[in-house]
Amino acid sequence: MYRLRSLNNRAFLSVLLALATCAPALANDGVVRVAVLSNSPPMSYTDAAGQPAGFNVGIAQALCAAMEVRCQLTVVPLQRVIPAVAAGEFDFSAVSLLDTPERRAKVLFTKAYYRSNSVWFAKPGVEPGAAGARVAAVAGSAQFRYAAAQGWSTTSVRHHSELPALLMAGKVDAVLLPMATSLTLRQDPGIQSLGLATTIMRQAELSGDVSFAVDPAKPELRERIDQAFDRIKRDGSFDRLNSEYFPFRLQ
Amino acid sequence: MAPRFFPERWRNGGWPAGKAFAFIGGVFGSIFLALLIWLAADQRVVLERSQRLLDKTVPSTLEQFRLARNVEQLRLEGERVLSGPTPVARQQALFIVSLLASHPALLADARAAALAHEVEAFLARAARADSKVDDSAEWATLSNRLSLLADDVSIDGVNLATDDLRQMAATMASSRVRLAIVLAVVAAFVGAILFLIHRYLIRPLQAMDEALSALRSGQASKPFATALMREIGAVEGAIGELREAMHEKEQAARQLLLLATIDDLTGMFNRRHFMALADEEIKRAQRYDRPICVAMADLDFFKQINDNYGHAVGDLVLQSVAQVIEKTLRQSDWVCRYGGEEFAFLFPETGVEEAHRLADRLCQRVARNPLELANDVCLPITLSLGLADVGSASLAAALRRADTALYEAKRQGRNRVAIAPLATAAADPASSSVEPQPPAAGPDPPARSRP
């Protein structure tokens with residue numbers, strides 16, 4: 001289901017449209033272009049009706065409502081997010097990105113909307129960095145970058161949803177993924193039967209502030225998104241989305 | 001009196017009102033501006049604090065609430081680890097416990113981090129299948145501690161906002177005191193301005209109004225104290241000058257009136273004035289049918305006195321006789337110097353007999369009052385008098401008859417009174433003609449020449 005929340009009022013939508021046309025910082029037709037992931041539950045996925053859904057999708061819509069702009073959500077793979085935003089193909093990305101120096105050199109980051117760490121899922125006995133361990137991560141993720149940098153035998157996938165199959169097929173011994181998506185992975189019935197062990201990874205490269213990326217040519221949009229974050233965190237819409245998708249508070 | 005700290009120029013010349021009020025306004029304006037800045041400082045503090053409350057404190061409070069919620073969530077997941085329906089559910093709960101215990105936001109709070117670590121360690125141990133120890137008592141303690149910590153974290157979050165609000169309330173209270181002070185200063189200034197306006201503008205204006213009213217009603221008001229305000233002082237000065245000018249004009253008018261009605265030498269009415277008054281009086285007497293007499297008198301041998309002793313003595317004689325006449329006549333009788341040594345009389349409400357007695361007395365008194373000259377010479381003076389009852393005749397006719405009687409008195413030997421016979425219509429052919437010419441003007445007609 002395409003969640004509109006406070007946007008489901010036609011009159012309000014037309015007001016938003018009118019306001020959006022007045023915003024000079026945005027694309028020509030007044031629509032804010034937003035990049036989202038798919039196949040990464042519970043953050044972003046395509047629901048039964050074929051519409052984008054998930055925590056980050058909800059946050060993106062809440063931000064657009066708070067900024068009183070109309071947003072157009074486009075699905076891209078994680079690997080394309082930073083290059084596309086850096087190239088100005090999107091005004092911002094509603095993707096949880098760890099704030100790393102490499103990314104910061106290419107795009108603008110909003111203020112952190114929560115803090116995260118990473119999770120190592122492995123067959124029992126396979127510790128992080130164990131010799132010969134084959135590890136999988138999503139291409140373009142901080143986790144993939146970290147694993148590769150460690151010299152581990154690393155396999156990349158396009159989407160988080162591809163990871164369980166790799167584990168179940170025995171093609172990898174471990175996966176490295178962010179805290180939020182690990183919650184869904186852990187609930188996969190196929191995974192549960194494998195009796196995998198989890199290790200929380202708190203290394204600096206794998207934990208810390210999580211933000212949205214903004215077109216580097218639009219610092220004023222970054223300001224507006226920051227203010228919108230303040231607002232949705234104050235008015236409760238952030239926490240409602242949080243409760244909808246997670247068993248605990250993202251902070 | 002202006003206070004000493006004002007410039008000498010002002011103290012002596014009065015204040016220029018415009019400058020004085022501009023000065024007062026300027027001083028107050030500066031004070032008021034300073035007070036406004038003082039007030040604005042409080043408002044700025046309140047605004048800053050409320051902005052900080054909105055931007056920083058409320059988000060921090062909400063973060064504390066989220067942390068409290070996570071601590072509580074840790075307890076709930078712990079319950080599931082210990083009493084979950086299936087091993088999978090218990091494993092899933094333990095996974096969430098480990099995620100929570102490693103959550104960067106939770107680790108940022110020392111109390112929460114320590115307790116979460118303890119809880120995670122306990123639950124991991126308890127989840128092991130081989131554990132046979134009854135650990136429900138330890139969990140009850142940990143669970144209780146988690147609940148208490150959640151409460152503490154929530155209260156800490158509320159206190160963040162409470163501190164800001166308390167500071168804002170204190171600032172508002174101080175702001176109220178400041179506002180009261182500012183209002184008091186404004187009230188004092190308005191009071192002072194009203195006092196100054198009353199003292200230095202309204203009261204001088206009222207005094208001027210009184211002075212002008214007094215001038216209008218003909219009284220010359222006394223000059224007032226000079227006002228402190230220069231402009232007011234100028235108007236007061238102008239009113240003073242006006243008052244002086246009106247006073248002088250009044251004096252001059254009075255003087256003119258005297259000159260027009262009084263004979264210089266004797267102080268008696270002059271002939272013209274007498275004629276006007278007498279004419280009115282006779283008309284009134286005739287209208288009401290009242291008795292009225294006229295008389296003409298002439299000093300005896302006055303020409304000889306002038307010739308022998310000079311005109312100065314002649315003038316003295318005239319003055320002396322005038323005094324005797326003034327003293328002898330009644331208040332209602334009128335007399336004038338008719339010309340030269342001639343006098344004319346009018347006796348209202350008086351019949352011929354009474355007038356006669358009065359005229360006799362007058363002659364006697366004049367005769368008893370000779371003029372004493374410096375060289376022990378006593379100059380006798382006598383008066384001849386012709387009396388006529390006016391009756392229905394005109395003033396001119398009556399005077400002419402009195403003049404005729406006077407001539408008769410002269411003829412009879414002077415120093416006496418002669419009465420004109422009663423007028424008849426036939427005997428008064430010139431009743432509408434002009435009055436007889438005074439003997440002083442031009443050469444005497446032969447019939448009227450006197451010795």
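**Exercises on a two-chain model**

B:Arg287 is found in helix H8 (residues 271–288) of chain B, where helices are DSSP runs of H or I with at least four residues, numbered from the N terminus. This is a predicted model, in which local features need pLDDT of at least 70, side-chain atom pairs count only at pLDDT 80 or more, and totals for chains, interfaces and linings use all residues. Residues are numbered from 1 along each chain as its sequence is written, and chains are lettered from A in the order in which they are written.

**Exercise 1.** Decide whether B:Arg287 counts as buried or exposed.

*Solution.* A residue is buried if 20 or more other C-beta atoms, placed from the backbone, lie within 10 Å of its own, exposed if 12 or fewer, and partly exposed in between. Because B:Arg287 has 8 C-beta neighbours inside 10 Å, it counts as exposed. As for its surroundings, B:Arg287 and B:Ser392 are 105 residues apart in sequence, yet 9.7 Å apart in space, C-alpha to C-alpha.

**Exercise 2.** Find which helix of chain A gives the most to the largest nonpolar core.

*Solution.* A nonpolar core is a set of buried Ala, Val, Leu, Ile, Met, Phe, Trp, Tyr and Cys residues joined through C-beta atoms within 7 Å. The largest one has 102 residues, and A:Leu63 is among those with the most contacts inside it. Helix H2 (residues 55–67) of chain A gives the most, with 10 residues.

**Exercise 3.** State how many residues each chain brings to the contact between chains A and B.

*Solution.* With residues in contact if their C-beta atoms lie within 7 Å, chain A supplies 18 residues and chain B supplies 20 residues.

Note on methods. Helices (H or I, at least four residues) and strands (E, at least two) are DSSP runs, numbered from the N terminus. Two residues are in contact if their C-beta atoms, placed from the backbone, lie within 7 Å.
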